[in-house]
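Colleague: I would like a close look at a single part of this model. Please pick one helix, go through it slowly, and then show me what lies around it.

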Amino acid sequence: MLIKKTSDIPFSEITPKSAYLNRRAFMTGAAALGAAGLLEPRAAMAADATKLQTVKSPLSTPGLTLTSYKDITSYNNFYEFGVEKDNPAKNAGKMKTRPWKVTVDGLVKQKKTVSIEELLSFKPIEERVYRHRCVEAWSMVIPWAGYSLSELINWAEPLPKAKYVQFLSLQDSTVMPGLRDINLNWPYSEGLRMDEAMHPLTLLTFGLYGELLPNQDGAPVRLVVPWKYGFKSAKSIVKIHFTSDQPNTAWNDMAPREYGFYSNVNPNVDHPRWSQKTERRIGASLFEQRQPTLMFNGYGDQVASLYNGMDLKKYF
Amino acid sequence: MNKRTVVALKVAVWLVCLSPLALLVFHGFRNDLGPDPTATVTHATGFATLRLLVISLAITPLRRLSPRLGWLIRFRRLLGLFAFFYGCLHLLTYLWLYSGFNVAAMIDDIGKRRYIMAGMAAWLLLLPLAATSTNWSIRKLGGKRWQVLHRLAYVSAISGVIHYWWIVKSGVRTPITITLVLAVLLLARIAWLARQRISRQADVVTAG
């Protein structure tokens with residue numbers, strides 16, 4: 001099993017696994033095709049194209065053992081690609097992430113559309129190790145790559161009336177077999193209050209382990225809100241919409257008793273069907289999996305003040 | 001069916017029934033139970049319980065299709081006991097892996113979660129059936145009473161399917177297959193009973 005301790009070297013400076021695997025395939029190919037003169041340098045370049053230049057961030061969570069790349073990319077909830085954990089890794093390959101555009105509209109000075117290339121070069125990509133807690137009571141530790149969503153929001157120039165941000169994911173039935181399997185209100189919609197969206201921990205995310213996101217993890221651009229349950233972090237975003245009222249969100253529409261709009265990680269508020277007091281750490285062995293769940297997923301020092309005076313049992 | 005065929009079939013059924021456990025043990029020793037081993041063990045034992053229970057319930061309706069399928073009855077007890085065996089393992093995953101044998105936490109949990117109550121009910125209903133599965137019990141209880149008691153298997157399977165629906169995320173429809181199979185089996189029983197009642201009445205009329 002691949003378990004890495006967080007180190008001082010950003011992952012972008014370590015050769016990613018897919019790259020050296022590709023290089024190996026490239027060498028095998030070289031042996032086979034070299035004599036025939038069919039070689040092109042494209043294979044090696046393609047491998048490097050998935051790599052991201054990242055910088056270190058003070059907002060990264062120190063001292064955690066990372067979940068393996070394999071587990072992060074093979075155990076996913078991405079219902080557009082099926083309801084089983086291994087469905088996204090099997091089915092998401094057909095989604096085309098280039099070209100990709102994100103529309104920013106609603107209560108903004110001016111509606112804008114931005115390409116994924118522009119987003120990637122807009123600000124330095126930071127490596128942020130975060131805890132990731134799913135509402136289903138499992139968790140991971142993931143080295144994400146991105147920059148604070150606030151950077152994009154400032155660029156978008158929302159009007160003072162804008163109090164919430166809604167994120168809409170891609171809906172394309174030609175590549176997403178899961179759209180038929182579960183009757184969520186597609187496209188997948190998530191939302192944050194403006195102050196949550198502006199919080200520096202809220203990450204506009206393009207990669208993990210120093211590489212571009214694999215499709216099953218929400219390529220080419222997703223949200224990561226580390227103090228909330230995972231489903232709040234919308235994947236494969238195509239639209240960012242500013243509103244004055246709390247937007248509809250997919251799971252909250254489906255089962256409001258089970259999935260609140262806020263959905264902050266909270267060991268004291270159980271899901272109606274299971275306890276949230278503990279979680280199973282993905283990748284740990286059978287009898288060592290269970291560990292206590294932390295309030296705000298361990299980010300209380302940074303975010304608790306956002307909810308001063310709010311009854312978190314009511315606004316779960 | 002000759003004795004050798006029966007023995008060969010019994011061995012095959014044993015192997016098939018043991019295969020979910022064998023797979024878990026094999027992968028467990030290789031530390032290869034997937035990213036979420038607790039969930040892997042829970043799902044594998046839960047599926048094995050429900051599937052075996054439904055298969056054991058299919059025996060009687062299948063036998064009625066043709067007199068040539070009478071031999072199937074020899075496997076019903078084995079399948080039922082294996083269903084109970086996996087039900088016990090499934091319960092153990094809850095007691096051990098989810099609750100760490102913390103009794104207070106479990107009592108708190110069971111009271112609050114209806115899916116656990118349904119699952120517990122399904123297991124408790126299987127308990128007297130497993131206990132009275134011997135030939136001695138059948139004689140002691142008398143065939144008729146034994147049969148009535150063992151119809152609880154249906155109630156258990158229904159509880160098990162409800163348990164399944166209540167644990168999957170709202171909107172997820174994966175339990176539909178086993179639900180439909182169980183529904184067909186139930187309907188087959190009801191249809192059989194209705195037909196028997198009609199033919200009995202017909203007999204009475206003819207006799208009169």
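**A close look at one helix**

Modeller: Start with helix 5 of chain B, where B:Ile116, B:Ala118, B:Gly119, B:Ala122, B:Trp123, B:Leu126 and B:Leu129 are buried. Keep in mind that this is a predicted model. Now look down the axis of helix 5 of chain B. Its buried residues fall within an arc of 160°, so they line one face of the helix.

What do the buried residues of helix 5 of chain B pack against? Four helices of chain B serve as partners: helix 3 (76-98), helix 4 (103-112), helix 7 (143-150) and helix 8 (152-167).

Next, check the length. Helix 5 of chain B runs over residues 114-131, which is 18 residues. From its first C-alpha to its last it reaches 26 Å. That is close to the 26 Å expected at 1.5 Å a residue.

Now step out to where the chains meet. The contact takes 22 residues from chain A and 19 residues from chain B. On the side of chain B that touches chain A, helix 2 (37-65) and helix 8 each supply at least two residues. Helix 2 of chain B gives the most to that side, with three residues. Helix 8 of chain B has come up before: the buried residues of helix 5 pack against it.

Turn to the nonpolar cores. In soluble globular proteins, nonpolar side chains tend to be buried together. Here the largest nonpolar core has 66 residues, and A:Leu223 and A:Ile237 have the most contacts inside it. Strand 7 (residues 138-148) of chain A brings the largest share of this core, six residues. Apart from this core lies another, of 27 residues. Among its members are B:Ala48, B:Leu53, B:Tyr164 and B:Leu185.

Go back to A:Leu223. Leaving out residues up to four places away in sequence, A:Leu223 touches A:Leu149, A:Phe167, A:Leu204, A:Thr205, A:Ser233, A:Ala234 and A:Ile237.

Finish with the sheet in chain A. Five strands form an open sheet in the order 5-4-13-8-9, with mixed pairing. Strand 5 (112-115) and strand 9 (189-193) of chain A stand at the edges. Each has a single partner strand, so one side of each is left without a neighbour in the sheet. From one strand to the next, the twist averages 20°. Further in, strand 8 (residues 164-169) and strand 13 (residues 237-243) of chain A pair in the antiparallel sense over six bridges. For one example, take A:Gln166: its bridge partner in strand 13 of chain A is A:His241.

Methods:
Residues are numbered from 1 along each chain as its sequence is written. Chains are lettered from A and ligands numbered from 1 in the order in which they are written. This is a predicted model: local features need pLDDT of at least 70, side-chain atom pairs count only at pLDDT 80 or more; totals for chains, interfaces and linings use all residues. Two strands pair if DSSP finds at least two bridges between them. Axes are lines fitted to C-alpha atoms, for helices over the stretch in contact, and angles run from 0 to 180 degrees between N-to-C directions. A nonpolar core is a set of buried Ala, Val, Leu, Ile, Met, Phe, Trp, Tyr and Cys residues joined through C-beta atoms within 7 Å. A residue is buried if 20 or more other C-beta atoms lie within 10 Å of its own, exposed if 12 or fewer, and partly exposed in between; C-beta atoms are placed from the backbone. Two residues are in contact if their C-beta atoms, placed from the backbone, lie within 7 Å. The expected span of a helix is 1.5 Å times one less than its number of residues. The arc is that of the directions from the helix axis to the C-beta atoms.
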